Amino acid sequence: MIRAFVVFAALVLGGFAYGTYTGASFTQYNQINNVPKSIRNNPGVYRSVYARYPHK
Amino acid sequence: MLKSRCPACGAGVTFQSTVSIMAVCEHCNSTLIRHDVDIEAVGKMATLQVDASPLQLGTRGDYRGAAFTVVGRIQLRFDRGLWNEWHLLFSDGRSGWLGEAQGTYAVSFLTESTQDLPSFEALKIGNTIELRGEAFRVENIESARCIGGEGELPFKVEGGYEAPVADLLGEKAAFATIDYSEDQPLLFVGRYVEFDDLRFANLREFDSWTNSTSPRVKSFTCIQCGGAVTQRALMQTTSVVCPSCGTVIDVSNDNLTVLSKYAEKTKVRPDIPIGSRGTFPDGTFEVIGFMQRFVTVEEIRYHWREYLLFNPFKGFRWLSEYNGHWNYIKSTPYRPAIMGNGNLYFKEQLFQHFQSAQAKVDYVLGEFYWRVEYGESCLAQDFVAPPELLSVEQTDKEIAYSLGRYAEPEEIRQAFHLTTPLPPRIGVGGSQPSPHARKAAQALRLAGLFIAIAFLLQIATLALSQNRLVYQTSLAFNAADAEKSRVSDVFEINGRPSNVMVRTNANVNNAWVYLSMALINDDTGTAYDFGREISYYSGTDSDGAWTEGSRSDKAFLPSIPAGHYYLRIEPEGSGSTSYSVQVYRDVPRWWLFFVAVGLLVVPPVILFIMQRSFEYKRWSESDHPMSKFLNVSSGDDDE
């Protein structure tokens, strides 16, 4: 039991350290690769997947 | 040392101690009185009864660093059997006494009392008397009868005289005896000692204990039914039960008498047969007696069983069994301090009161060191400090304290090499050590350590994080604009892949704005797309003023690699408004720390609940059941 707790705690601390190092977050986001360079000149060419996010 | 000849038979007689005035001739049993250098024979000494004492004249030992030799003995009979007072001659010339009865030993010295001693009639069990500045409690009052003496003694002894005596007990096993057989009571003060502490040499030999000879047992015919009866612990026991008819026979002298008869028809079979020998950490013991006792609580009888164990050198031990839970018990000369709440403090340990009840004997088998009778009762009180049990049994004549230790059934089985199964364990035993207590404490300590490690990691994160503003801008949202999307300037994000915080503020009032945002890596073309709503409403109603929402928001994007980035922002809203955006790199946060702490305390909490559940079951068998599962203090719940 104690040994299992030590293993569990090691996993928790490892996860905590990794999460802290990488800045883990629950923010919902979507990663899209290779968006066109032209966005800077013409922002309208890009449509956010969150643009139709339901809101008030 | 005086060497002379016996006036009666001419055999050599030696007085080793200068304080000895009497000796018994080893050859003719004459009582010899020393007058300076002359020796007078004044008659024959009564023959001593054969007993199973491990001591003999010439036995050597050590008491608190002082060597002694046993040079004489007075043998007495008291209520529970035979009692020997061995006369000790110490190497420094002192004369002392070693009292020995039923395997208990006490060394004492004749001491001058500094005050008048109470009369024998005034003594009562439990009374406290101050002797030489030390408080002693009256534990036993007896009228013993002298059987005779042997060896050399410091005063004249004759068989048959009455010796009213009181045994008293002080702190830390201090012992005192007041002997009322003289005109002026004599006070002997000393200490209870363990057999092993006296480091004896030249002890008696016992068949089957010190050699491989078959054990010597005494057999006789039951005076009630004629069945065969066996006595194993010769002269150490005073009552023997006939295995055929259950009659308890007084064997304290040759005139066997019936003490009591068994009236019930049901026989109880001991799980450990009489005559079995078991090995425990303090020696090998033989089962010589078995009894079943009970207490009645709310008209229900609760039975338990006790086994009397015997070793000719170590004396007696007990094994008790209730619901499959065993305790290995030994009487103790130490006395506990009584706490205000009814608990006891014993040997630097708190023993909680568990149960008090009038215990009665309803079945016996084998032999016992007192005159056991069916139906005999005493007030039995149990106090527990698992795995230890302190048992207090009180009658009108004495208070007996015993210290027990919980024994696992497997330990009992192995000790006696039993092949038959022992009764299964039911519930939790009063002194049963909790398998969770140590683990719960250990887990709690470990959890503290792990939380400290997590806290140090958090502190290191706070100290080492960049927490740097890398970009900020202010923008306006006009609902009438055809193209509302905006892109920011390119800004640099550096360091390890870490989080990016995008903080937005919007000047909204009873309105909302929704920002579809993308953090785009200008070098790789990777976009991190997310949306945030900012809404703020306020007003008044019958309860007064109210607000809802916030004019600011924070979004955290994890594991953003270093590079050149810009933001694409596409707002929507219920009306035109201005808003600002700030981008921070590598912002330390606390939420993960609290999640880690929450997870780390889960195992100790589970173990704590298991521990409480165990204690709940334990105390449900006691006089103090826990009324609430999570009560920290058991024992006071019903008061």
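This is a short walk through chain A, its helix, and the largest nonpolar core of the structure. Keep in mind as you look that this is a predicted model.

Let's start with chain A, which holds 1 helix and 1 strand. Of its 56 residues, 34% are buried. The chain exposes about 3700 Å², and 59% of that area is supplied by carbon and sulfur atoms.

The helix, α1(A), runs over residues 2–22. Its 21 residues reach 30 Å from the first C-alpha to the last, close to the 30 Å expected at 1.5 Å a residue. If you follow α1(A) along the sequence, you will meet these buried residues: I2(A), F5(A), A9(A), V12(A), L13(A), F16(A), G19(A), T20(A) and T22(A). What do the buried residues of α1(A) pack against? Their partners lie in chain B: the helices α2 (437–464), α3 (591–600) and α4 (602–619), together with the strands β35 (498–506) and β39 (552–560). Just after α1(A) comes G23(A), with a positive phi of about 75°.

Now turn to the largest nonpolar core, which has 43 residues. L319(B) and F416(B) have the most contacts inside it. Two or more residues each come from β22 (283–297), β23 (300–311), β24 (315–322), β25 (325–331), β28 (349–368) and α1 (409–415) of chain B. The largest share, 6 residues, is given by β28(B).

F416(B) is a good place to zoom in. Leaving aside residues up to four places away in sequence, F416(B) touches I272(B), S276(B), R277(B), G278(B), F280(B), F285(B), V287(B), L309(B) and L319(B). As background, nonpolar side chains in soluble globular proteins tend to be buried together.

Key: Residues numbered from 1 in each chain as written. Chains lettered and ligands numbered in written order. Predicted model: local features only at pLDDT ≥ 70, side-chain atom pairs only at ≥ 80, totals over all residues. Heavy atoms only, no water. Helix = DSSP H or I, 4+ residues; strand = E, 2+ residues; numbered from the N terminus. Expected span 1.5 Å × (residues − 1). Buried < 20%, exposed > 50% of the residue type's maximum accessible area, 1.4 Å probe, protein only. Contact = heavy atoms within 4.5 Å. Areas by Shrake-Rupley, 256 points an atom, 1.4 Å probe, with all protein chains shown as cover. Core = buried A, V, L, I, M, F, W, Y, C linked by side-chain atoms within 4.5 Å.
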